[in-house]
Every structure is written in structure tokens, then in C-alpha cells.
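Thanks for asking me to look this one over. Below are a few numbered points that I hope are handy as you click through the model.

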Amino acid sequence: MTMDLIVKGAAVVFQDGVKQVEIGIKNGIITAIEETVHGDSKETIHASGLTVLPGAVDVHVHLNEPGLGHWEGFDTGTAALAAGGCTTYFDMPLNGRPPTVTEHALQLKLSAARSSRIDYGIWGGLMPGYMNSIGPLAEAGVIGFKAFMCFPGSTAEGDFREVDDIYLLRGMEAIAPTGRLLALHAESEPIVAALTKEMRRAGRTDARAYARARPVWAERDAVRRALLAAELTGCPVHFVHISSAAAALDIADARRAGLDASIETCAHYLTLTEDDLVEIGGAAKCSPPLRDKANMERLWELVADGTIDIVSSDHSPCPPEMKASDDFFAIWGGISGAQSTLELMLDEGHMKRGIPLSRIAQLTAGAPAERFGITDRKGAIEVGRHADLVLVDLNGSYQLERGLLFDRHRHSPYVGRQFGCRVVRTIVRGVTVYADGALSGEAGGGMLVRPSVLAPTSVLRTDSE
């Protein structure tokens, strides 16, 4: 058989370790993994000294189209993702106008997403007034549903809104039979609103005041209420951007008792602290906020031992003027990190803390694909799966500068940071979309992925949990 592409000379990361093998690719599919792939190929990549991982699956990205493409669009957002070694992402339903809470809005989203450079799934939204859309959106192939338990950030008519406890319960009842899961932004709105008022009355609008207004116990309170609703309804749940070790352990306790619940954290909670928030300013503001160093190190332990399932970017960009204010509460709460997630996990997790490469691959690719039912195509380097690969130089130390970023506004909190490794090539279904600091080809070419079989969280955890 003549291959379209053979990757030679690299160390390849599998679910059970790292091996020196060659990868043969035909029609976008991995067709051979051998010490030596025999036969001809149209193209050969000589990757000696590089490490090949499965392309990252970023389950939590805000690309804001339709309607808010000036914040970030599918073209620039997926350019950044590709440059960071991501080959599949899931776009969130809010920060688009209209939000993805109806079939019509989904079609508008899908039309805009045609400019994606990598493959994608689309989240639907659970929002008051749109309960009847849950079934049709599931039938149309959304990857899951997303709900906010706190104010999402906009009061404009028609924009995404939070759910109260009763609507959350009813939403879970409706989602459970669809075979999809519900993703939750878990912060308690009553607690956050009350503490924000306290800080403002005291004349505190600085970065630390913002962090104090969104404490760990606000996250834990929302997590516990959502877990109870999930227990009552049988709805599988996924907790996005968990910022505190305490909340992660609450979820872990519940699933040991039989609840189907997965845990996602983000690279920024593993690499930045509240002190960084004060020093960096608006570019490091997110919700929930950054925590202290002790919490960050405990999160790393939970990442390493299998308690935390997935690491995402929660790439949530906005125009620069929305990140500049003397009132920290008024600054948009989102971090632009799409391009740096995998490099941060490799640098901080593997190179500095000794977490095995196979575990990093599981957190960034394997577990996302398993949890969201796309393992027939994505998530691992395996014969029969899509040839979604990222080639990394683990000796490629560099300093991130704004000029190296591909997202629209380039206000990453990681600018100026020294990385100990570097993504050098990203391949989506056998086609190079990024190599050596440059994009390859035009915008477009990404393919919509739909879930097949939802994986229970029992298949995601390691024996150590």
C-alpha cells in the first residue's frame, strides 16, 4: 500500500507509554504503527528528536460567532488552537448572538464554523425559556449542554442567562434521556452577588477584592447543589474549569458513591495564582478566579493521580478595551490561552513535575474523546483512528512573545513566560495545518464531530483514585 504520509524517527506517546515507532497514514486515517512502515509514501516527515502525541481535544473554547466575531472568530481562534497542538475543540454556546439554544442558532453557528482550521464539536445551552430545544439540539448532534449557575456576564436581551435550582433540576430531567451530559459553570450566584456588593460598599474594586468575592466556598456550594440534582435525575454531569482542589474532591467523593460526574480544570489554574492576577492584571482575570499557590500544587496532585479527568483552555477572549479598567469587577472575565494549554501541561506537568507523557496525553486528548463519545475517531494514536498528531520538541525552549500568538487580540497572560518545549507541527486527519511557526493552508477544512457513545466516568479514572 502506498501511504499518503509516514512519520519517522519520533518517540510516540501511547496510552501505555512511549515507543520509538513509525506511523503510516492513508486517507486521513492511521493505517500502520510499526518499528518500520514498509512501502512508499507521498510524503515523509523525518521527526528524529521530536515527540508525537495525539492531537489535543479542547472541550472548552469560546469563539463567539455568530455575532461577536470581533471578540474572536473561528478563523483566528482555530489558528491559535492549531499552533498549540489542538486538533479538535468544542465551542461553547454563550458569547455568540444568538446563543446556541435553538436549532436555528445552531445552524448559524455551524455556518460560521466552516472557517475552522481544525475539527470541532458544538455545545448546546441550557437556558431559561428554551427547555423545548433540548431534544432537537441533541438530535442535531450537539456534543452536550452547558449551564451557568451564576451570572454569565451580559444583561443584553437574548444573551445567555444563568439557571436557578429548579430550572437546573428540570433541565437535567430533560437532558438525561438524550444521551448527552450537562456541563456546569459552578459558582453560587447568591454568594458571589452578596460578596461583590460587600466589596463595592467597602470601596474595594481591586484584583484581590474580586478574588475574595468569588471564594472557594461559592464554587463548592454550587458543585454540591448540582451533584444533588444529578443524583435525583440520573443526568451525567461535567464540571468545567474547576479552580479549587476542595471542589474537585467533592465531585470525586460523589462519583465514588456512583454518580456519573467528570472534572475539568484549566491550564491557568495549574500555572497562575492570585499573586499573578495582581501582577498581570486584566489579562489574567477569569471566573472562578485564580487561587493561591497551595491550591495550585494540590490541583497538580489531583491531575497526576487521576482525580481530575480533563484539562482545557477555556479560551475566552474579548476586545482589549474590555480588559482595561480601574474597576476590576468591570473587566471581562476570560483568559485567552488556546495556544498554550498543551505546552504548559508538558512543561509544568511532565518536564518539571515528572507526570508521564501518557498521562498528559490522557488529560488533553484521551479522556476528552472518551467522555464525549468520539473515541472511534479521536483521542489516541491507534490504527483506525484519525491521524490527528502533534509533534513537539521537548528541548525547544523559547519565550512567548505577542508576535508569536495567532488569536485575534493576543493578550495572553503567558506573554513573557519561558516555555521548556514547543509545538513544531500539528496534523489534522493527515494534513499539516501548522508547522514551524506558520499556518499551512487557508481557513476551513475542519470537520464537525458528533458524539456516538457517551463514556461513564468510570472509564476515565486511574487505579489510584
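**Notes on the predicted model**

1. Let's begin with a helix pair. In this predicted model, the axes of helix H12 (residues 341-351) and helix H13 (residues 357-371) come within 10 Å and cross at roughly 145°. The crossing of H12 past H13 is right-handed.

2. Which residues in H12 and H13 meet? On the H12 side they are Leu 342, Met 345, Leu 346, Gly 349 and His 350, and on the H13 side Leu 357, Ile 360, Leu 363 and Thr 364. Sorted by class, this contact has 6 nonpolar residues, 3 polar ones and no charged ones. If you colour the pair by residue, a general point may help: an α-helix has 3.6 residues a turn, so residues three or four places apart point the same way.

3. Next, helix H1 (residues 74-83). It is largely enclosed by the rest of the structure, because 9 of its 10 residues are buried. The buried ones are Phe 74, Thr 76, Gly 77, Thr 78, Ala 79, Ala 80, Leu 81, Ala 82 and Ala 83. What do the buried residues of H1 pack against? Their partners are strand E8 (56-61), strand E9 (86-91), helix H2 (103-112), strand E19 (422-428), strand E20 (431-435) and strand E21 (438-439). After H1 comes Gly 85, which has a positive phi near 85°.

4. Some of those partners belong to a sheet. Its 7 strands run in the order E3-E2-E7-E16-E19-E20-E21, forming an open sheet with mixed pairing. Strand E3 (17-20) and E21 are the edge strands, each pairing on one side only. E21 pairs with E20 in the antiparallel sense, over 2 bridges, and Ala 438 in E21 is the bridge partner of Ala 435. H1 packs on this sheet by touching E19, E20 and E21, and the direction of H1 makes about 85° with that of E20.

5. Two alanines are worth a look, starting with Ala 105 in helix H2. Ala 105 has a relative accessible area of 1%, so it counts as buried. Leaving aside residues up to four places away in sequence, Ala 105 touches Pro 98, Pro 99 and Thr 100. The C-alpha atoms of Ala 105 and Leu 137 are separated by 10.0 Å, with the two residues 32 apart along the chain.

6. The other is Ala 193, which lies in helix H5 (residues 189-201). Is Ala 193 buried or exposed? Neither quite fits: Ala 193 is partly exposed, because its relative accessibility is 29%. Its C-alpha atom is separated by 24 Å from that of His 62, and the two residues are 131 apart along the chain.

7. Finally, the cysteines. How many disulfides are there? The count comes to 0, with a cut-off of 2.5 Å between cysteine sulfur atoms. Cys 150 cannot bond, because its sulfur is 12 Å from the closest cysteine sulfur, the one in Cys 286, which is too far. Cys 150 is also buried, at a relative accessible area of 0%. Cys 318 is likewise in no disulfide, as the nearest cysteine sulfur, that of Cys 286, is 12 Å away. Cys 318 is buried too, with a relative accessible area of 0%.

Definitions and conventions
Residues are numbered from 1 along each chain as its sequence is written. This is a predicted model: local features need pLDDT of at least 70, side-chain atom pairs count only at pLDDT 80 or more; totals for chains, interfaces and linings use all residues. Side-chain values use heavy atoms; hydrogens and water are left out. Axes are lines fitted to C-alpha atoms, for helices over the stretch in contact, and angles run from 0 to 180 degrees between N-to-C directions. Helices (H or I, at least four residues) and strands (E, at least two) are DSSP runs, numbered from the N terminus. A crossing is left-handed if the near helix is turned anticlockwise from the far one by less than a right angle, and right-handed if clockwise. Contact means heavy atoms within 4.5 Å. Ala, Val, Leu, Ile, Met, Phe, Trp, Tyr, Cys and Pro count as nonpolar, Asp, Glu, Lys and Arg as charged, and the others, Gly among them, as polar. Buried means under 20% relative accessible area, exposed over 50%, partly exposed in between (1.4 Å probe, protein chains only). Two strands pair if DSSP finds at least two bridges between them.
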